[in-house]
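Please open the model in a viewer and keep a selection panel at hand. The tour proceeds by selections, each followed by a description of what is found there.

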Amino acid sequence: QNEEWDFVLVSDIHEMGSEKEIKRKNFLEELKRKGFRIKKIEDTKLFYGIRAPQQIFWKYQCLLANPDSRQQNSRTSAQQDVPETTRIWVVHFILQNTVTSDLEKLPDLMKKKVFEAAFPLHKKEKITKILEKKWARWGVLFKEQPIDKIRDYFGEKVALYFAWLGWYTYLLIFAAVAGLATVAAGATVFSSSQVSKEICDANNTIMCPVCDQNCSFWVLSDTCTYAKVTHMIDNEATVVFAMFMAIWATVFLELWKRERATVATSWDLVGWDEDKEELALQLIHNPQHTPRWYQHSYFRSTIVLILAVLMIMVLIGIAHALVIYRAVAMALFMQSEVNLLSKHADTIAVMTGAVLHYLTIIIMTKVRRHQGPWALLPFLEKPRTFSQGENNFTVKIFIFQFFTNFSSLIYIAFFLGRINGHPGHYVRIAGHWRLEECHPSGCITDLFIQMAVIMLLKQTISNIMEYLIPWISHQLRKKKKRPKKRSMMLGEEEEAEDPCKEQWLKNYELNEVDVFSLFNEYLEIVIQYSFTTIFVAAFPLAPLLALINNVIEIHMDAIKMMRLRRRMVPRKAKDIGIWLQVLEAIGTLAVIGNGLVIAITSDFIPVQVYKYMYSPCAKQNHTSMDCSTGYINNSLSVFHIRDFEPHTKVLPEFNGVQIKEYRDYRNADDYTYTIQFWHIFAARLAFLILFEHVALCVKLIAAWYIPDVPQKVKNDILDGKHDHLCKKL
């Protein structure tokens with residue numbers, strides 16, 4: 001008969017009497033003492049099937065009987081079987097905490113290579129067939145996920161991840177439609193925008209050179225197409241869209257809280273308490289257990305804070321390196337013999353900079369995945385429970401990834417072209433290379449290119465790798481692990497008919513999972529959520545890209561979990577944990593980020609100031625003409641060639657001409673800021689304060705307007721309590 005086994009331990013075949021073999025025996029003896037049944041199968045490795053005694057689960061049920069639970073009808077229910085997910089979780093906990101006579105636990109033994117792996121088995125049952133048919137295949141891309149079935153097989157934590165991902169993907173449809181509408185509105189003004197018309201007609205506006213050597217002066221109308229693209233992204237519709245996305249982020253979280261409450265109630269998890277669960281498991285495992293108390297050490301917190309700041313400094317340093325790369329690359333491309341390079345030097349520098357940034361993201365993610373830098377944290381923080389350790393880890397890693405992903409974007413959005421000085425007095429790197437400048441029609445296109453490159457690369461290359469690497473390694477493990485024919489061992493007859501053997505081997509060949517497998521999935525989506533909300537004003541297509549990505553991601557994760565990876569240890573959870581606070585923080589950052597993009601990066605404010613204070617409309621009450629007429633001429637300042645720095649080469653044909661233009665609001669005689677510069681500065685600040693306060697107020701109103709828990713759920717819980725008390729009476 002085919003018995004059910006809870007867990008399988010795998011070990012190499014060690015020499016008789018070696019230290020490893022003795023340690024392995026001790027551990028298995030310890031399990032037998034607790035009443036575990038163990039079955040050994042020998043192949044190229046040793047496999048030990050482990051089955052826990054029933055009384056462990058009876059204790060578990062008695063300790064954690066939920067008085068308000070709907071299932072608790074009579075005394076007999078305590079003798080019912082626990083769900084398989086709970087069973088695996090309890091066995092996993094006991095295995096991880098069993099101590100041998102040498103005071104070693106399973107993780108220590110695995111580090112010393114006594115055991116190679118420990119995993120629960122994928123079962124071939126009705127439920128796996130349903131999951132493979134309705135969930136883990138590409139044919140069901142747009143169907144609803146069977147969340148309850150996922151919960152029955154992988155436990156609440158994984159099911160909640162998929163419920164959340166599905167919900168987020170569903171709500172992205174609205175954001176994607178709004179983003180497309182914004183781009184469509186921009187496309188209608190592609191050729192008709194007054195500002196880009198002026199740039200295209202400026203045949204005799206001569207601009208200062210973009211680099212020191214080899215660059216000649218250039219005519220403003222050369223950049224006609226660039227200006228048109230900029231005004232397609234940067235127009236009034238963008239402001240409305242940024243406001244919409246700030247509200248969308250809040251509504252998404254509020255609606256998710258409602259969805260979560262509904263799910264948690266239907267799974268009977270309302271009264272479930274993580275601390276109580278962990279204490280119960282510790283007591284079942286060791287009746288003499290004493291709880292660990294809450295502690296807080298300011299000294300440790302200070303060290304962690306200092307380390308975190310150092311880490312952020314390193315990441316900002318990397319962003320600086322990218323800035324230097326772009327300045328140097330621009331200078332080199334400009335001097336290049338290749339016509340294509342020298343003509344589009346600025347765009348190519350931005351593009352290659354974005355690709356380099358993507359590579360730093362990949363490298364830093366690899367650094368993050370190594371336990372090295374993080375191994376210190378548990379020693380420093382001494383988390384009380386596993387989930388507390390996980391939360392601390394989540395916050396730090398998120399901050400790390402966030403700075404890795406966004407430091408370069410923050411520079412482009414808020415510093416590019418604002419800290420580079422002016423002709424005759426440029427800010428230089430190492431006194432040699434000039435920092436980049438913004439295009440006369442604004443910096444927002446640079447941000448658009450950077451966001452587009454990173455998002456497209458992350459979603460194509462990273463996703464393909466994320467699926468291919470486990471698939472290839474699974475195929476390789478299959479090839480490596482199967483011996484053609486096992487030699488007859490010691491003349492005993494072949495026991496290949498053992499039905500467990502094939503199942504265990506198949507599970508062993510799958511890729512291993514660890515505690516952070518689900519964490520990595522969350523992190524990827526949360527970083528993507530940051531891209532779809534924080535600088536979305538500069539890249540309205542972000543929600544659409546995210547939507548396409550997520551539809552594929554859900555099924556890719558499902559296929560990975562069902563077919564390419566060993567079964568995850570099911571964990572209970574009634575929400576997505578600390579990630580909810582992380583998402584709320586991103587929501588607030590999104591309001592600040594988009595406010596800053598419109599106030600600082602975009603040309604929206606200078607154009608409005610010009611319209612209402614300096615334009616022909618404001619001065620002579622011409623209402624018939626477009627009020628932004630003359631804006632470009634107004635936004636350029638005059639520069640005398642004689643004031644160039646000595647090592648700027650001026651091509652001879654311009655020596656006679658005295659006056660050139662550059663983008664800034666400065667006086668022609670002493671290059672100090674004009675009054676209009678300060679007007680615009682004040683308007684930017686005023687807009688920023690107004691936008692953020694309005695958006696935050698709307699967020700608060702939305703949060704109040706949508707209750708976190710639906711009334712039906714509250715009423716169900718109330719009825720349950722009432723019925724329970726009536727029975728007691």
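Begin by selecting Val-10 and Phe-47: Val-10 stands opposite Phe-47 in β3. On its other flank, select Ala-117, which is the bridge partner of Val-10 in β4. The model is a predicted one.

**The sheet around β1**

Extend the selection to β1 (residues 7–11) and β3 (residues 46–51), two antiparallel strands joined by 5 bridges. Within this pairing, Val-8 is placed opposite Gly-49 of β3. Towards β4, β1 has 3 bridges, and these two strands also run antiparallel.

Now show the whole sheet. Its 4 strands follow the order β2-β3-β1-β4, the sheet is open, and the pairing is antiparallel. At the edges are β2 (37–42) and β4 (117–119), each of which pairs on one side only. From one strand to the next, the twist averages 20°. Strands of a sheet pair through backbone hydrogen bonds, either parallel or antiparallel.

Return to β1 and display its side chains. Are the residues of β1 buried or exposed? Of its 5 residues, 5 are buried, and the strand is mostly covered. In a regular strand the side chains alternate between the two faces of the sheet. In β1, Phe-7, Leu-9 and Ser-11 are on one side and Val-8 and Val-10 on the other; both faces are covered.

Which helices lie across these strands? Select α3 (residues 84–97), which lies across β1 and β3 and runs at about 40° to β1. Then select α18 (residues 499–509), which lies across β1, β2, β3 and β4 and runs at about 80° to β2.

**Helix α6 and the helices it packs against**

Select α6 (residues 147–154) and colour Ile-147, Ile-150, Tyr-153 and Phe-154, which are buried. Viewed down the axis, these residues are on the same side of α6, because they cover an arc of only 130° around it. An α-helix has 3.6 residues a turn, so residues three or four places apart point the same way.

Add the partners of this buried side: the buried residues of α6 pack against α3, α5 (126–134), α7 (156–188) and α20 (542–564). Gly-155, just after α6, takes a positive phi of about 90°.

**A helix pair: α8 and α9**

Two packed helices are described by the angle between their axes and the distance between the axes. Select α8 (residues 194–201) and α9 (residues 224–233), whose axes come within 9 Å and cross at roughly 175°. With angles over 145 degrees counted as roughly antiparallel, α8 is therefore roughly antiparallel to α9.

Show the side chains at the contact: α8 contributes Val-195, Ser-196, Ile-199 and Cys-200, while α9 contributes Cys-224, Ala-227, Lys-228 and His-231. By class, this contact of α8 with α9 has 5 nonpolar, 2 polar and 1 charged residues.

**Two residues with positive phi**

Most residues other than glycine have a negative phi, and most peptide bonds are trans. Select Asp-268, in the loop between α10 (236–266) and α11 (274–285). Its phi is near 65°, a positive value in a residue other than glycine.

Next, select Tyr-671, in the loop between β12 (659–663) and α25 (675–705). The phi of Tyr-671 is near 55°, again a positive value in a residue other than glycine. Is Tyr-671 buried or exposed? Tyr-671 counts as buried because its relative accessible area is 11%, under the 20% limit.

**Two lysines**

Select Lys-25 in helix α1 (residues 19–33). With a relative accessible area of 47%, Lys-25 is partly exposed. Its C-alpha is 10.0 Å from that of Val-114, a residue 89 positions away in sequence.

Move on to Lys-343, which belongs to helix α13 (residues 339–343). Lys-343 counts as exposed, at 63% relative accessibility. Between its C-alpha atom and that of Phe-333, 10 residues away along the chain, the separation is 8.6 Å.

**The whole chain**

Finally, clear the selection and view the full chain, which has 26 helices and 12 strands. Along the principal axes, its C-alpha atoms fill a box of roughly 100 × 65 × 55 Å. Of the 729 residues, 50% count as buried. Among contacts between residues at least 6 apart in sequence, 79% join residues at least 24 apart.

Methods: Residues are numbered from 1 along each chain as its sequence is written. This is a predicted model: local features need pLDDT of at least 70, side-chain atom pairs count only at pLDDT 80 or more; totals for chains, interfaces and linings use all residues. Side-chain values use heavy atoms; hydrogens and water are left out. Two strands pair if DSSP finds at least two bridges between them. Axes are lines fitted to C-alpha atoms, for helices over the stretch in contact, and angles run from 0 to 180 degrees between N-to-C directions. Contact means heavy atoms within 4.5 Å. Angles under 35 degrees count as roughly parallel, over 145 as roughly antiparallel, 65 to 115 as roughly perpendicular and the rest as oblique. Ala, Val, Leu, Ile, Met, Phe, Trp, Tyr, Cys and Pro count as nonpolar, Asp, Glu, Lys and Arg as charged, and the others, Gly among them, as polar. Buried means under 20% relative accessible area, exposed over 50%, partly exposed in between (1.4 Å probe, protein chains only). The arc is that of the directions from the helix axis to the C-beta atoms.
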